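Visitor: I have just opened this structure and would like to understand the words people use for it. Could you walk me through them?

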Amino acid sequence: MSNNAKPSDNLQPANFIPLTAVTPSAFTHREVSDVTPAAGAASTVGAAPSVDLDKVRERLAGTRGQEYWRCLEELSEKPEFTRYLQREFPRQAPRDMTPLSRRDFMKFMGAAMALAGVGGCAFQPAEKIVPYVNSPEEMIPGIPLYFATAYAMNGHALGVLAESHMGRPTKIEGNPDHPASLGRADIWAQASVLDLYDPDRSQGVRYLGDTTSWDNFAGAFAGAADAQRARRGAGLRVLSETVTSPTLGAQMADFLRAFPQAQWVQWDPINRDNARAGAVAAFGRDALPQYRFDRADVIVSLDADFLMEEPNHVRWARDFIQRRRPHRDKVPMNRLYVAESTPRNTGAMADHRLPVRASEVQNVARAIAAGIGVGGVSGGAVTGAGAAWVKSVIADLQGARGRSLVVAGSHQPAAVHALAHAMNDALGNVGATVEYSDPIEAAPTDQVRGLQTLVADMNAGRVEMLVILGGNPVYNAPADVKFAQALEKVPLRIHLGRYDDETGALCQWHIPESHYLETWSDVRAYDGTTTIVQPLIVPLYEATRSVHEVMAVLLGQGTVSGYDVLRSYWERRLAPQLATLRSRVGGTNAGASGTTGAAGGAAASGAAASGATRGGATAGSATTGGAGGSMAGAGAATVGAGAAGAAAANVATGGGAISTDSGVPADRLTLQTVAFDKRWQTILHNGVVPNTASPVRPLRVRAGAVAALPAAPAATTGIEVIFRPDPSLWDGRFANNGWLQELPKPLTKLTWDNAALMSPITAERLGLDNEDLVTLSYRGNTVSAPVLMMPGHPTESVTVYLGHGRTRAGKIGTGTGFNAYALRQSSTLNFGSGLDVKKAGGKYRLALTAHHHMIDLERGEKKLDSTFGRDLIRVGTFDEYQKGHLPVDAAHDKAGLPLYQDTLTTVEPRNTNSEEEEPMHPNGLPSVYPENVDPPTIYNSAENDRPPYAWGMAIDLNACIGCNACVLGCQSENNIAVVGKEQVEMSRELHWLRIDTYYKGELENPEVYFQPVTCMHCEKAPCEPVCPVAAPVHSPEGINEQVYNRCVGTKYCENNCPYKVRRFNFLQYSDQETPQIQLMANPDVTVRSRGVMEKCTYCIQRINNAKFQAKKEGRHVRDNEIVTACQQTCPTDAIVFGNINDKNSNVRRLKDSGLNYGLLTELNTTPRTTYNARIRNIDATLKNPGEVTMSGGEHTSDHDGSQIDSPDDATTGQQQKGALEGGTEHSEGGGEH
Amino acid sequence: MVDQPLDRNVGLKAPAQHEPTGHMNGRRPHDETFDIIGPGHDLETVTEQVIGVVLKDRIRIGWVIFLGFSLALLAMLGVAVSYVLVMGVGVWGINKTVGWGFDIINFVWWIGIGHAGTLISAILLLVHQNWRTSINRFAEAMTIFAVMCAGLFPLLHLGRHQYFYWLAPLPNTMGLWPQFRSPLEWDFFAVSTYFTVSALFWYIGLIPDLATLRDRAQNRTLKILYGMAALGWRGSNQHWHRYMAVYLILAGISTPLVLSVHSTISFDFAFGIVPGWHTTIFPPYFVAGAVFAGFAMVLMLAIPLRHIYGLKDLITMRHLENCAKVMLATGLMVVYGYFMEVFTAYYSGNIYERYMQFTSRMGTGPYAWAYWSLIFCNGVAPQILWFKKYRTNLTCLFVVSIVVSIGMWLERFVIIVVSLSRDYLPSSWALYQPTMWDWALYVGTFGLFLTLFLLFVRALPSIAVAEMRELVHHESHHGAHNGAHGGHLTHDPHGNTIEDRDHTGGTKEAFSGSA
């Protein structure tokens, strides 16, 4: 074991807190070794002169037979032989050759006692708290900074803003300037911050099971690369995930130039092979469809979950929902048709959903294509319920030429994609609702074929050296490829990965990969926009390297920092003139590496470099500093503290280069550098490189392309298996992420496992019940899986989610669920028929967070109503809505809602001199809160005796797509602990926000409704009076506050909460020991411990921050100034928070809508959180077989005559008042309008 | 005083030298009487018989074995409590939906059991039911021990046990008082008051008997111990006068507690908005249920006690039958409560209440078995007590008592767990499954109860001797206990007449097992 890779050092996070200086722990080790008798003895042995072995051998050689043994004994008595033995087997050496004297014994004892005392002390690293001599710019303790960077999955970037508290990234939010994000984030981007702090991350370079150092690796690696270079790379292969990073793409090009015979293979288990092939079939070239959902009136999804699974889903969800807000946007509502195999979120949002087996989607696509007049379509006869659906789709598509959109799912075969392109083309949608651009990958390939070729080469012994850059092919390659067996035939295997996972275990070298929050890189979004990935923190483990750094070694550039690689690429790309200038200095790469080579820890210096460059570019930051002014402090905040870092920064920047390599006047070069730096700063600050979006390609579907498609496969028999990425764990890369493991999967609400999802009808036919263990056999491979019935799943079809069943994921992810990759075949990557399902006997307990939708087959129910007849979800149709028939009964539903006081308009502060009228509600009753705070105190001056704020929330069920982003946003913001599978099984999950899912209708095809539920902040909260110690209390602003340190844990409040939103720490759930996890905690939110009740606080910390800010600036809090964590991340703006006393606030506008209703208001809880009813734009001529009368219809029929006539106009409070009166007073309601 | 061991308190009438009718001697074991005291007793025999259990009876092997068993259960309680304190309440089966489980069920159940003791000693005293005399002492002990068992649960059910005292209105630097609107806070006062008053009442009642023990004890240590406990009781007129006054006052204080404590506990539920909880019938229904369960427990204790220690003369069939009648009456009240729950759920038209009653409890709910078992245990089984034949059959009584105890436990299970498991939002419905720690704690409290009771039986007179002597005195004055006539009248010390049931000597013989 080498000295610089001691495990203790690895466990020790590097200088993450700028104020901390870590004392080298080697000091104590040396002290010990000097005194310990054993060590002393060992050292004398070690110093013994070497034995003349030859002499010994000589003597041994001269002996024979029994004499040998006697002689051996004699030999052993010889001093040199004894010494030889001791040197060879030092543990066998006597501790001390001479008998201990009493005095020595006492001395040793004394020393041992003293040392025992020393050993007993857990040596904490000395923490010196010193003030900054030069304070990092912009960093104010307690105020977080936000840095723009990007999170990428399968190569598709989502621009994010990472929140940093004193150099610790704590939360990921979307970057409003980024086209794929628009300020929102999905679950994976948000959960990625937990990955950073995962204590199971790989922390040291490993060679054959031993920890070694990066330098050792770099040496060995460069040597091996040199050997390959001599052979033009004939035996060298690189296997990476999908590459969209321009810098890595450039390195890939460099690599292929340097090793012309080598190959670079890309493999992602969820890839766009089908889409690519479909585009090639349709256009003759690869193209990415850029959908404009906001422009489409009719959308047809062919098994595409574009709201959650397809790339760019965050943006698409947002665009899609923009057209589904009848009350807000005065644009016609779109209509969504979904032909869907596995029920997913998009199907749940459909106005008309058609459950079809995955293999039959093509058939449906052909039928539609034929119906709308795409030439050359063959096949496509759809019978049964599907026929009416197809007919309606055709009619609608034809009625919306140029305003419609057909989307094909990534996992559908190329023909479906080609048909979708052809349909869009035939409908005139190209250029209107869909445009085409170039793919964003650096080198788009057929990944399955690439992998197969690679494996064939490996098996043939043509691969001598395989460099695996990220990814986990041993786990996620198709079963028939047998990647693991092939891998073992490669002589030199190198794995770069964040975890020493299944693939790492089979490689001789494992290099820990840096997390994206601690490294420099770049990545492209779906539309091509490029973002520079910038680090927020020095790598937690100094051995970690980025892919760019590993590639630099492979390219013979030595140990270069990723920053230098990236910057040199962008200097070349952004400022060609600057690059030419610098090339005269002596080659960018070489120069950069030369400057940084001396500094220890290349990554650290790279990050430090950014700090230094920014330090020199204050002007740039001042000009670009927008909201938060976040950029300039980035490097300083993360790195600037350590003296070593600062020194490294000085060396790393251009300044160092100027002073060392000359040839160009320094001032000229400096000017150029400053010019680039300014631009660079702006790019980093904004999180997007301008003008990098892919240009639109005018593409038309080739004539005859459709006719040339292979005929639709014959209807398959037997049970079909569908492989889909897990809605939480994706392809398994998140298996060790506790947040995602415990996140209830949409619709099923399953956590910690995957299951064989199937229709209840199929389950009944097979005699299976929920949680029954079955054996799934597919083409010779077998796995055992529990059954979970899923309403709406097509019959004779079983969905298995990939990503579970990991064997080396870490403490959290190892062994959850079953490995569906074991069934996956390269020929049927996404689905295939012929699955054999056999009851294996036995049960497997699944941890579901909701059981009400579990189907009890024994009762023989064919209809499902998981609301149990309760009026929890209000649904209406667009037609009814346009006629003024609302699914919400104003008289009944509004009565139980909080009443508004209009104490505030956001624009001008209240005029305190004017005579105030008590604001009254139409019903004549003032709200309970805010209440008069009397008498005035220092906090409530006399003129401000009534708090102007009444916080409230409105959740638009029309916009909620059930994507869980809010759940994770809340978890990340509020330090919500992960409780584990057993605790979820016991219904003890801690999520403050959950998404309730309700089914209504036939088992085959029910309607699905999502309802995010969090604390309602009832004005008359049932939890408050029952607490014996008054832990839940009400704030004057109407927030139901839970005082954690007052709570004794009676759980009475939880029992009495009709919404069941309170969460109890039954055990010590929060991890207060793992140092990494502590780093992640949001310092603004208390970490709760055992025995305390917790719940949603409306993100009180954010409210208070905004109030402080407003107070400092002498104004009221503006609307939208406070954004709760759930609201912040919601891709569709379904959650709106604000001051309900402000007539002009967004939340008030939603609440004033005729669609607004409260949950369980009949209990008189007066909830501050309310819902806006869902409106479905159904085709009246088409009635889904499963559709039942919606609850809204009942209401409207009751109050037919009194409903408002023009709900579209009912946006202002004044009009809404009229509407309310219309509801309450039947006779006068109509007259108001 | 202690060194003046005069037997003054039996000075009402000098103990005549009597034939040795002491315990277990004079009567055959199966003789049963329907009088409130067996024939042939005078002051001395009564004293001898009761005090003898404490002072003269040898340590029986059965008692030792039973005590060992109880101590084992008590040890299990110790382990269960320690484990909860160390690990937190998460070791139980409660969850986010069903926040209360065995903890509160057992709390309510034990508290309910305690009620019979107070009812017997206080209410029956005030209404001059002198048949209470021979059962009130151990019933009161039962109350105290049951309240001790019950009191354990609210403390343990807290998430942060160390802060249990925050429920007490203690002055503190934050100027923070408990939340007086919370029924749990009322519980805190109700239970602590109940325990205090019950213990006082019991102890006051014990004082004359403790003095008797002091005077009769041969062992000096015992003399000193009983002497200290007797607080210098000399049986003087003044003592008696004050004793009577205090006893009556405490009975007066206890009486409303019988009604108020369980009413308060019912508020824990009635105050909540959970369907199945939110009902006005709970207070009377809970009180009736408590008395119901309490009398079942009294019978479960009395039947073995009188058998083992030969107290059949003192705890007669009359007592047991009366207990059975009370059980029958309160059982009917409870059944009325069940009926009203059904009616209210139906009549309210509230879908949540209807679902709770008709689906969760009575229909296809996962806990319907609990509801129907409860109906059987509390509604059907006790109806057998209408028949005198079964009412006076000890085995039958004992079995019915056990069934009723189980039924009352199930009633709390249905109220607490079933109601919580399916309340308003179906998305949050969850089942409750007790863990081994739930069971260990529950069974462990039996250990506590039985240990205390077994020690009580051996250390203190389980029948109030002084009161029995008073009773004997009255009985002998009226001389109406020879069993020659049918329905007989019993007069309490104040001359009120209590008409007992009409029964014949023949029946008596049939039940006493001897001619």
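Guide: Gladly! Keep in mind that this is a predicted model. Let us begin with Asn459(A), which touches Ala486(A) and Lys489(A), leaving aside residues up to four places away in sequence.

Visitor: What makes that a touch?

Guide: Contact means heavy atoms within 4.5 Å, and Ala486(A) and Lys489(A) are the residues that Asn459(A) touches once residues up to four places away are not counted. Asn459(A) itself lies in helix 17 of chain A, residues 447–459.

Visitor: Is Asn459(A) buried, exposed or partly exposed, and how do you know?

Guide: Its relative accessible area is 38%. Buried means under 20% and exposed means over 50%, with partly exposed in between, so Asn459(A) is called partly exposed.

Visitor: How many Å separate the C-alpha atoms of Asn459(A) and Glu173(A)?

Guide: They are separated by 45 Å, and the two residues are 286 residues apart along the chain.

Visitor: Let us turn to helices. Why are helix 10 and helix 11 of chain B called roughly perpendicular?

Guide: Helix 10 (residues 351–361) and helix 11 (residues 368–380) of chain B have axes that come within 8 Å and cross at roughly 90 degrees. Angles of 65 to 115 degrees count as roughly perpendicular, so helix 10 of chain B earns that name against helix 11 of chain B. Gln357(B), Ser360(B) and Arg361(B) make the contact from helix 10 of chain B, while Ala368(B), Tyr371(B) and Trp372(B) make it from helix 11 of chain B. By class, this contact has three nonpolar, two polar and one charged residues.

Visitor: What makes helix 10 and helix 13 of chain B roughly perpendicular?

Guide: Helix 10 of chain B packs against helix 13 (residues 394–421) of chain B at an angle of about 100 degrees, with the axes 11 Å apart. That angle belongs to the 65 to 115 degrees range, so this pair is also roughly perpendicular. On the helix 10 side of chain B are Met356(B), Ser360(B) and Arg361(B); on the helix 13 side of chain B are Val414(B), Ile415(B), Val418(B) and Ser419(B). The classes here are four nonpolar, two polar and one charged residues.

Visitor: Now for strands. Why are strand 1 and strand 3 of chain A called edge strands?

Guide: Three strands of chain A form an open, antiparallel sheet in the order 1-2-3. Strand 1 (145–153) and strand 3 (168–174) of chain A each pair on one side only, and they are the edge strands. Neighbouring strands of this sheet are turned by 40 degrees against each other on average, ignoring direction.

Visitor: How do you know that strand 2 and strand 3 of chain A pair?

Guide: Two strands pair if there are at least two bridges between them. Strand 2 (residues 156–165) and strand 3 of chain A share six bridges in the antiparallel sense, so they count as a pair. In strand 3 of chain A, Lys171(A) is the bridge partner of Glu163(A).

Visitor: What makes strand 31 of chain A mostly covered?

Guide: Strand 31 of chain A spans residues 994–1002, and eight of its nine residues are buried. Seven bridges join strand 31 of chain A to strand 32 (residues 1007–1013) of chain A in the antiparallel sense. Thr997(A) has Phe1010(A) as its bridge partner in strand 32 of chain A, and the two strands form a hairpin with four residues between them.

Note on methods
Residues are numbered from 1 along each chain as its sequence is written. Chains are lettered from A and ligands numbered from 1 in the order in which they are written. This is a predicted model: local features need pLDDT of at least 70, side-chain atom pairs count only at pLDDT 80 or more; totals for chains, interfaces and linings use all residues. Side-chain values use heavy atoms; hydrogens and water are left out. Axes are lines fitted to C-alpha atoms, for helices over the stretch in contact, and angles run from 0 to 180 degrees between N-to-C directions. Angles under 35 degrees count as roughly parallel, over 145 as roughly antiparallel, 65 to 115 as roughly perpendicular and the rest as oblique. Ala, Val, Leu, Ile, Met, Phe, Trp, Tyr, Cys and Pro count as nonpolar, Asp, Glu, Lys and Arg as charged, and the others, Gly among them, as polar. Buried means under 20% relative accessible area, exposed over 50%, partly exposed in between (1.4 Å probe, protein chains only).
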